[in-house]
Amino acid sequence: MAASNFLLVALLALVTSQVIASDPSPLQDFCVADIHSPVKVNGFVCKDPMAVNVDDFFKAAELDKPRDTMKSKVGSNVTLINVMQLPGLNTLGISLARIDYAPLGQNPPHTHPRATEILTVLEGTLYVGFVTSNTDNKLFAKVLNKGDVFVFPQGLIHFQFNPNHDKSAVAIAALSSQNPGAITIANAVFGSKPPISDNVLAKAFQVQKGTIDWLQAQFWENNHN
């Protein structure tokens, strides 16, 4: 009986830990990140509350300024405000981003391993979507206009594309993590350091090794600032 009770408790603990898995929750009014602390924890150590000031919760105007998209191969520029730029976000489970899109620009397929994203279009039009996990791999996609809102579930591959040939677009996104992370699929697969074996990728994508070698030789830039 004792053994079965122990197994039941262990199972419940495991299930509960998976259900509540998220950014560390605050146990006080705030926990301003001490970015420079040598102590390593999941997140950041709290700054001494007596040393906290209003600027720890403030970021000077940045998201009102258009970003340069012409230098980007994919035609977009992501300006992220996370805990690294705004220490007061530590343990609060939220961050913000502005995304600028050139005509025909895109925020290419990517994932946020630690966050759900909700996006609203401020200017222009966007074709957006996400793909569900194996084995369905179902695409949910929609054309958004100014003021429209769309949500991308945590961890799923998603994208945004500006279909206009002559008009830029702008969006604001909120993410449910102080540090959501971003994995751009093409960059991770073809631009890893060191590179993934071309034998592996040729088999995975069912193409010739020469195609993989060409893709790995490209410059896979980061469109996040």
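Just after helix H3 comes Gln-206, and its phi is positive, near 55°. The helix before it spans residues 198–205 in this predicted model. At the other end of H3, Ser-197 provides an N-terminal cap, with a side-chain oxygen sitting 3.2 Å from the backbone nitrogen of Asn-199.

Between those two ends, H3 has a buried set made up of Asp-198, Leu-201 and Ala-202. Looking down the helix axis, these buried residues fall within an arc of 100°, so they line one face of H3. Lys-203 and Ala-204, on the other side of the helix, are exposed. As for what sits over the buried residues of H3, the cover includes helix H2 (185–190) and helix H4 (209–216).

Next, the annotated site. The unreviewed UniProt entry places a "binding site" feature at Asn-107, His-112 and Glu-117. Two of these positions can be looked at in turn, starting with Asn-107. Asn-107 belongs to strand E3, which covers residues 106–111. With a relative accessibility of 4%, against a cut-off of under 20% for buried, Asn-107 counts as buried. Setting aside neighbours within four places in sequence, its contacts are Ser-76, Val-78, Ile-99, Tyr-101, Phe-159, Gln-160, Asn-223 and His-224.

Glu-117 is found in another strand, E4, made up of residues 117–123. The relative accessible area of Glu-117 is 3%, so this residue is buried too. Again leaving out neighbours within four places in sequence, Glu-117 touches His-110, His-112, Phe-150, Val-151, Phe-152, His-158, Gln-160, Ala-173, Ala-174 and Leu-175. Gln-160 therefore turns up in the contact lists of both Asn-107 and Glu-117, given that contact here means heavy atoms within 4.5 Å. One of the partners of Glu-117, His-112, is itself among the annotated positions. The side chains of Glu-117 and His-112 also make a polar contact, at 3.0 Å.

How far can the model be trusted, by its own confidence score? The mean pLDDT of the protein chain is 90, and 90% of the residues reach 70 or more. Residues 6–21 are another story: pLDDT stays under 50 over that stretch, and the model has zero contacts for it beyond four places in sequence.

Technical notes: Residues numbered from 1 in each chain as written. Predicted model: local features only at pLDDT ≥ 70, side-chain atom pairs only at ≥ 80, totals over all residues. Heavy atoms only, no water. UniProt positions renumbered as here; feature names shortened; annotations may be inferred. Helix = DSSP H or I, 4+ residues; strand = E, 2+ residues; numbered from the N terminus. Buried < 20%, exposed > 50% of the residue type's maximum accessible area, 1.4 Å probe, protein only. Polar contact = N/O pair within 3.5 Å; in protein donor to acceptor, adjacent residues only side chain to side chain. pLDDT = per-residue confidence, 0-100. Arc of directions from axis to C-beta.
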